[in-house]
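I opened my notebook for a fresh look at this chain. Here is what I looked up, in the order I looked.

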Amino acid sequence: MKKFGKLTDFTVLQNKVFFTFENGCGRIEIITDKIVNVFSGFMCEEHLSKAIEGDKTQKTEFSCEKAGNAVIIKTAFLTVKVYSGFKVDFFRYDGKTLSRDYRGRMVDVIRMSEADLALMAKEGHKIERARFDMNINVVRCVDRDECLMGLGDRAGFMDKRGYEYVMWNKDITDVHDEQMPSIYKTVPFFMSKKANGAVYGMFFDNTFRSVFNMAKDSPDYMWYGVDGGNLDYYFMAGENLPEIVSLYTYLTGRTPLPQRWTLGYQQSRWGYVDEKDVRYIADTMRKSGVPCDAIHLDIDYMENYKIFSWNRDRYKDAKKTLADLKKNGFKTVTIIDPAIKIEKGYSVYEEGLEKGYFATDQNGLPYVNTVWPGESLFPDFGSEKVREWWGDNLRFNLEQGVDGIWNDMNEPASFRGELPADVVFHDGDRTTTHA
């Protein structure tokens, strides 16, 4: 990470405080009296957020003044101190320390040449490259009795202290134990609770591959590193952990109240062979008094695993089967995978190919990988046109009487290794890559 150097100047403009350093710039944005954003434009000066739902800024009274070697920002609940090197410390209104930038020496990792790494790999050794050489690093102090929780879909314990996680979605068949760094979803948000009762949360709004080392290398600090994008994180403070969750969802949006049936027991497994199998499951549940509200159909209901198709050999009359299930009190949910089978005559493939709706390689050719249908293409969901096309295709399932769609394999899963970093997608009108 670049060295910001000495703090030389600062300017207050509306709800933002802009800082000038010897080797760069940064800013603190006051969102509410309990939420602030720390930002430096490594890639661009905009947030480019996929997570923050609209403008969340509230009119907030705050003070800002220079005191010694720090610029001190105060709201009714938070005190933020900014130093040279764009070091930022956070305190509660009552003076309790919430989180401070770590300024000590970090535990080093093994550093070897590429040739030595290759030689060690031949002998079966796995050697980590220097992780602290990432483009952006944030290193925060942690107390030895501090609990660190969050980060979304993770195997293992609620307290993530002592583990390292990679924010990069993966669908892998390894045993899902507490050592697994990545699984299906990426949620770069964590919460802390200290022994004195103080709590805070941090949300890192960056979509590049990133690492959270939760005091694994040292009991005195945790660190976040990412290879691209901007330095862009939200710090939030409250009286308790439920309030931290509320502040986070204030930023990112809250789930609407779901339909009642979605909260009931739902039966789901891979391997229902045909409609007779599904009917047997439903009838047996009713006879056994199991209060089940929905049955999920995995990939076997499709014709050769092709999206937006129905296997007519296994389901002679899918619409009648689903209607009978509904009469028996069951909703039906069908799985949808994003990989589109390459097959002449398959309308979804041919239309998507004709209209340029698939991710491509650097030469503009559709990127091919293997998933359940065999060789497949991947829709470019960053394009609004592709999302509308996908939504129109979902009508096929809904017209059969389907009540819910189960989105799966959208890490994206691929059987010949993960998608290369340079696969081309769109972010609205902007061209971008899988990285």
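I started with Leu48, which counts as partly exposed because its relative accessibility is 39%; buried means under 20% relative accessible area, exposed over 50%, and partly exposed in between, with a 1.4 Å probe and protein chains only. I found Leu48 in the loop between β4 (35-40) and β5 (63-67). Its phi is near 50°, a positive value in a residue other than glycine.

A note on the source: this is a predicted model, where local features need pLDDT of at least 70 and side-chain atom pairs pLDDT 80 or more, while totals for chains, interfaces and linings use all residues. Residues are numbered from 1 along each chain as its sequence is written, and side-chain values use heavy atoms, with hydrogens and water left out.

Next I looked up Asn304, where phi is near 55°, again positive in a residue other than glycine. Asn304 sits in the loop between β19 (292-297) and α4 (318-327). I then checked the peptide bond between Glu411 and Pro412, and it is cis, with omega about 5°. Pro412 belongs to the loop between β24 (404-407) and β25 (424-427). I jotted down the background: most residues other than glycine have a negative phi, and most peptide bonds are trans.

Which side chain of opposite charge is nearest to Asp232? I got Arg27, at 6.8 Å, so buried Asp232 has no salt bridge (a side-chain nitrogen of Lys or Arg within 4 Å of a carboxyl oxygen of Asp or Glu). I did find a polar contact of 2.8 Å from the side chain of Asp232 to that of Asn37, and another of 2.8 Å to that of His47. A polar contact is a pair of N or O atoms within 3.5 Å; within protein, one must be able to donate a hydrogen and the other to accept it, and residues adjacent in sequence count only if both atoms are side-chain atoms. Asp232 lies in strand β17 (residues 231-238), and beyond four places in sequence it touches residues including Val38, Phe39 and Phe203 (contact: heavy atoms within 4.5 Å).

Is Thr173 buried or exposed? I read it as exposed, because its relative accessible area is 81%. Thr173 is in the loop between β12 (163-167) and β13 (189-193).

Last, I took in the whole chain: seven helices and 26 strands, as DSSP runs (helices H or I, at least four residues; strands E, at least two) numbered from the N terminus. Buried residues make up 46% of the 435.

Terms used. Lys and Arg count as positive and Asp and Glu as negative; His and the chain ends are not counted.
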